[in-house]
Amino acid sequence: MRDDSHVRRPDLTRRAFLSTAGASAAAVAIAGCAPVSHSAAERGAPGAAAAGPNIEGAVPVTLRINGKEHRLQVDPRTTLLDCVREVVVLTGTKKGCDHGQCGACTVHVNGRRVNSCLSLALMHDGVEITTIEGLGTPDALHPMQAAFVAFDGYQCGYCTSGQIMSAVALLKEPCGPDDADVKELMSGNTCRCGAYPNIVAAIQQVRRNA
Amino acid sequence: MHTFEFIRPDDAAAAVRVAAQTKTAQQGADVRFLAGGTTLLDLMKLNVETPARLIDINRLPLAQVEATPDGGLKIGATVRNSDLAHHPTVRRDYAVLSQSILAGASAQLRNMATTAGNLLQRTRCMYFRDTAMPCNKREPGTGCPAITGSNRTLAVLGTSESCIATNPSDMNVAMAALEATVHVQGAKGPRAVPIGEFHLLPGRTPQRETVVEPGDLVTHVTLPPPIAGSKHVYLKLRDRASYEFALASAAVVITVAGGRVTRARVALGGVGTKPWRSPEAEAALVGQVASATHFRNAAEAAMAGAKPQSENAFKIELAKRCLTHALQTAATS
């Protein structure tokens, strides 16, 4: 059995450290968006909005992400991508080009894949958003996640969440049976390591088993 | 990105009222409609677009595809490109439109991009997209560095001394071949604009790309009834197999009877400053035997007025072969 205890240490992981450090102040300031503290607001405590800086021109938006409702105050410029990563602190969705060219930011909006970098958070008030964190858990992977592991569909992993979100959406889209059909429908996701053959194999495996 | 006021009107009339306050609806607009966002937000991040107000039209009732009383099709402004491409009626009766949309962008972008947004898609000319560079389209009077610079992907038809930027859309090329009509609701009421008159040649005013005026909201596009027995092909040639803009493309809708072409509609993409309908190619086809010789003659006619730049002369022959092959494919399908 593989010993993976070194990556499962709950006390200190790189991700946990970065998330904690980033969520509190720095990342919020960069993104220009602040979470509303529900608990503080519900208690009616003074300074209920103190969970984030007072952003000039911020407007309210309610995002439903992975089945959970988030009431937020955002600068109108905030993209769905920045909001998911920096405010809601779901960092599985990646920022690559930030111009809709690489697909690393792919999430589902009402079950359809989109580039979250070319969409404003404000455009998604009340709609259902799914990120990689909403697909499966480490103990119960989505079949596409399991297939990417089985077929080694990644090297550095940066594009992987976008690839998987795209691949899961592809399962419900009109797509021919061949590898070429899969490649065509996956062309909006770029992998600089070159894991494409294994990604196609993983997707085809899931389609065969569907 | 410059900040803006985000507005979500209850109806199209309210959207038009707000939009009518912009000083221009062309480059430099201070009020913009927001639909899919795939062009606008991209250009706002580059500071090429700096609107002070964005009007979100995504919740207006403009997302339907429906039959028209005359047997044609009405396509709402916010119908997503993917929904339009996969619509059963479009696949059956307007196949060239379905093919053209699926040849463009990526699956993610097609899920976001809309009919009206694609009609108004902006050029990919690198000088237009880079605010550090001069550009007559972005800043009138500053010059066109593309003419003496990097112009491999730019236009050979419809250019001027001010601008050689290509219209990047695939959908627009099919719309031109299908003789679509663009319906606009404006401050003075609704009007209908044939697709061939909707986009403007750059001339000396490349900052004006369409006939859209302040307050004008594209509400829908209509297609005439399908032509019985017509064959549809969209062929796109590009630097890679997928997810790339056209170097040359051709949309053809032709009818062949008794071995002769009885009707032809031809439009080219990737080579023109606007979606390039070619009446010259159509005239060269009608009445002729549907043969490789006549298809090549049509392609020669289509490109007769082409003007190459320093890096893009190859596009002229490429476009000819593209159109010839598209016609052959259509005639034998």
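In chain A, strand β2 runs parallel to strand β6 (residues 128-130), and 2 bridges join the pair. Across these two strands, A:R64 stands opposite A:E128 of β6(A). This is a predicted model, and everything described here is read from it.

Strand β2 (residues 59-65) of chain A has another partner in strand β3 (residues 68-74), and here the pairing is antiparallel over 7 bridges. A:P60 of β2(A) finds its bridge partner in A:Q73 of β3(A). The two strands make a hairpin with 2 residues between them, and A:N66, sitting in the turn, takes a positive phi of about 50°. So β2(A) is joined by bridges to β3(A) in the antiparallel sense and to β6(A) in the parallel sense.

A positive phi also turns up at A:V89, which is not a glycine and has a value near 60°. A:V89 belongs to the loop linking α3 (80-87) to β4 of chain A. With 16 other C-beta atoms within 10 Å, A:V89 counts as partly exposed.

Before going further into chain A, a word on confidence is in order. Chain A has an average pLDDT of 83, and 75% of its residues reach at least 70. Two stretches fall well outside that picture, with pLDDT under 50: residues 1-10 and residues 22-52. For residues 1-10 of chain A, the model shows 0 contacts beyond four places in sequence. Residues 22-52 of chain A, on the other hand, have 53 such contacts in the model. Where pLDDT is low, the predicted coordinates should not be read in detail.

Chain A splits into domain 1 (15-134) and domain 2 (143-209). Where the two meet, 13 residues of domain 1 are in contact with 11 residues of domain 2. On the domain 1 side, the elements that give two or more residues are β4 and β5 of chain A. The largest share of that side comes from β4(A), with 3 residues. By residue type, the domain 1 side breaks down into 5 nonpolar, 5 polar and 3 charged.

Helix α5 (residues 160-170) of chain A is a good place to look at burial. All told, 11 of the 11 residues of α5(A) are buried, so the helix is largely enclosed by the rest of the structure. The buried set takes in polar-looking names such as A:T160, A:S161 and A:Q163 along with A:I164, A:M165 and A:L170, among others. What covers the buried residues of α5(A) includes β4 (106-109) and β5 (112-115) of chain A, as well as α4 (143-150), α6 (179-185) and α7 (196-209) of chain A. Chain B joins in too, because α6 of chain B is also part of that cover.The contact between the chains takes 25 residues from chain A and 20 residues from chain B. On the chain B side, α2 (40-45) and α6 (107-112) are the elements that give two or more residues. The largest share of that side, 5 residues, comes from α6(B). Sorted by type, the chain B side holds 8 nonpolar, 9 polar and 3 charged residues.

The largest nonpolar core has 152 residues, of which B:A177, B:V252 and B:L323 touch the most other members. This core also draws at least three residues from each of domain 1 and domain 2 of chain A. Setting aside neighbours within four places in sequence, B:A177 is in contact with B:V96, B:A251, B:V252, B:V253, B:R265, B:V266 and B:A267.

Chain B also has an open sheet of 4 strands, with the order β9-β10-β11-β12 and antiparallel pairing. Its edge strands are β9 (231-237) and β12 (276-277), each of which pairs on one side only. Strand β11 (residues 260-269) of chain B runs antiparallel to β12(B), with 2 bridges joining them. In this pairing, B:L268 has B:W276 of β12(B) as its bridge partner. In the loop between β9 and β10 (248-257) of chain B lies B:Y243. B:Y243 is not a glycine, yet its phi is positive, at about 55°. With 19 other C-beta atoms within 10 Å, B:Y243 is partly exposed.

Technical notes:
Residues numbered from 1 in each chain as written. Chains lettered and ligands numbered in written order. Predicted model: local features only at pLDDT ≥ 70, side-chain atom pairs only at ≥ 80, totals over all residues. Contact = placed C-beta atoms within 7 Å. Nonpolar A, V, L, I, M, F, W, Y, C, P; charged D, E, K, R; others polar. Core = buried A, V, L, I, M, F, W, Y, C linked by C-beta atoms within 7 Å. Buried ≥ 20, exposed ≤ 12 C-beta atoms within 10 Å, placed from the backbone. Domains from an automatic or database assignment. pLDDT = per-residue confidence, 0-100. Pairing = 2+ DSSP bridges.
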